[in-house]
Amino acid sequence: MASGPHDIYDFTIAYKGPYQAVDYQLAHNLYAVQEKAWEKYAAEKRLPNSHSKRKKLIRKGVPPSLRSWVWFEVSGAKQLMMSQPGNSYYPNLVKAAASMSKVSSQVELDLPRTFPGHPYLSCPTTGQVAMRRILTSYSLRNPKVGYCQGLNFIVGVMLMAMDRNEEHTFWLLAALVENICYQGSFGENLCGCHVEMKTLQDLVTAKIPRLGAHMKSITCDISLIATDWFLTVYCVSMPPESACRVLDALLNEGAKVLFRVALALLKTAEAKLLRLDNAGEGS
């Protein structure tokens, strides 16, 4: 287990910077404010009826203590799970995946690389077992996607935010891939991701024209910067708890959030990017 301070989900706090949504010295105060705002809805276990009010409340931040409930509701994961009769759908997939999954070898390679410093997710007998079952079972549910590198990091962050509830995390992954992100965003040829990168390039040209022109002049395709952002829905490029703030909005509002966050990050880094002379420069 890595040393140093940890966030609410036990991820190591590696750095502080412009992409860190939470000042950890004030974290408990922030969570207290969020919980106060959510108090009425948490007590009644219901979300605001008004879409605009719900969006505003979620954008201000979902308290970690309520995130598993809120995500399961707003994402449509609960409806997906309830659409299957009985309680055997996921357990049956787990059993079948143990011997039938075609992606097991790649999953086994990626599990030790998935948040290796995390005390739960890096444990071969607990967290890795849960992630293995979720990823291989999902590959059977959705053969067109199978397993795409990046899903392991998404599942790792989701599993912690979902209070380590394995089955609920499985259904949350299903909702994200099938109903929230654009079709083809994950899978063998990543056709949806290519479309996303072209769309993002057009948005940069329109919204951050100086940066768009500069990137074109140095032949820097936006995919060099942003592909990993989209394939992991920011679960690697941001501190995980900050990524959860992105997921709060993404699971409620849809894939447009990925583009809005990308534009915000690029705008934040615009001055630095404008100083680069070639596409391979910088970090």
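# Exercises on an all-helix model

Thr169 is found in helix 9. We start from this residue and work outwards; keep in mind that the model is predicted.

## Exercise 1: A threonine in helix 9

**Task.** Decide whether Thr169 is buried or exposed, and find which residues Thr169 touches beyond its sequence neighbours.

**Solution.**
- Step 1. Recall the cut-off: a residue is buried when its relative accessible area is under 20%.
- Step 2. Thr169 has a relative accessible area of 0%, so Thr169 is buried.
- Step 3. Setting aside residues up to four places away in sequence, Thr169 touches Ile134, Val155, Met158, Leu159 and Met162.
- Step 4. Now look for those names elsewhere. Val155, Met158 and Leu159 are among the buried residues of helix 8, and helix 9 (166-180) is one of the helices that the buried residues of helix 8 pack against.

## Exercise 2: The covered helix

**Task.** Work out how many of the eleven residues of helix 8 are buried, and which helices the buried ones pack against.

**Solution.**
- Step 1. Helix 8 covers residues 151-161, and ten of its eleven residues are buried.
- Step 2. The buried set is Leu151, Asn152, Ile154, Val155, Gly156, Val157, Met158, Leu159, Met160 and Ala161.
- Step 3. These buried residues pack against helix 3 (67-74), helix 6 (104-110), helix 7 (127-141), helix 9, helix 12 and helix 13 (240-253).
- Step 4. Phe153 also belongs to helix 8. Beyond four places in sequence, Phe153 touches Arg113, Thr114, Phe115, Cys235 and Val236.
- Step 5. Compare sequence and space: Phe153 and Leu111 are 42 residues apart in sequence, while their C-alpha atoms are 9.2 Å apart.

## Exercise 3: Checking the length of a helix

**Task.** What should helix 10 span at 1.5 Å a residue, and which of its residues are buried?

**Solution.**
- Step 1. Helix 10 runs over residues 191-207, which is 17 residues.
- Step 2. The expected span is 1.5 Å times one less than the number of residues, and for helix 10 this gives 24 Å.
- Step 3. The end C-alpha atoms of helix 10 are 24 Å apart, so the model agrees with the expected span.
- Step 4. The buried residues of helix 10 are Gly192, Cys193, Glu196, Met197, Leu200, Gln201 and Val204.
- Step 5. To read that list, use a general rule: an α-helix has 3.6 residues a turn, so residues three or four places apart point the same way.
- Step 6. The cover over these buried residues includes helix 11 (209-217), helix 12 (223-231) and helix 14 (256-268).

## Exercise 4: One partner from helix 14

**Task.** Find where Leu258 sits and which residues Leu258 is in contact with.

**Solution.**
- Step 1. Leu258 is part of helix 14, and its 1% relative accessibility means that Leu258 counts as buried.
- Step 2. Apart from neighbours within four places in sequence, Leu258 is in contact with Cys181, Glu196, Phe230, Val233, Tyr234 and Leu250. Glu196 is one of the buried residues of helix 10.
- Step 3. Tyr234 lies 24 residues from Leu258 along the chain, and the two C-alpha atoms are separated by 8.5 Å.

## Exercise 5: Positive phi angles

**Task.** Compare Tyr234 and Thr219: where does each one lie, and is each buried or exposed?

**Solution.**
- Step 1. Start with the general pattern: most residues other than glycine have a negative phi.
- Step 2. Phi of Tyr234 is positive, near 70 degrees, and phi of Thr219 is also positive, near 55 degrees.
- Step 3. Tyr234 is in the loop between helix 12 and helix 13. Thr219 is in the loop between helix 11 and helix 12.
- Step 4. Tyr234 is buried, at 0% relative accessible area, whereas Thr219 counts as exposed, at 67% relative accessibility.
- Step 5. Add one more case: Asp163, which follows helix 8, has a positive phi near 60 degrees.

## Exercise 6: The whole protein

**Task.** What does the secondary structure of the protein come to, and how does its radius of gyration fit the globule rule?

**Solution.**
- Step 1. The protein has 15 helices and zero strands.
- Step 2. Its radius of gyration is 19 Å, close to the 19 Å from the globule rule for 283 residues, so the protein is as compact as a globular protein of that length.
- Step 3. Buried residues make up 51% of the 283 residues.
- Step 4. Of the contacts with a separation of 6 or more, 71% join residues 24 or more positions apart.

Conventions: Residues numbered from 1 in each chain as written. Predicted model: local features only at pLDDT ≥ 70, side-chain atom pairs only at ≥ 80, totals over all residues. Heavy atoms only, no water. Helix = DSSP H or I, 4+ residues; strand = E, 2+ residues; numbered from the N terminus. Rg over C-alpha atoms; globule rule 2.2 N^0.38 Å. Buried < 20%, exposed > 50% of the residue type's maximum accessible area, 1.4 Å probe, protein only. Contact = heavy atoms within 4.5 Å.
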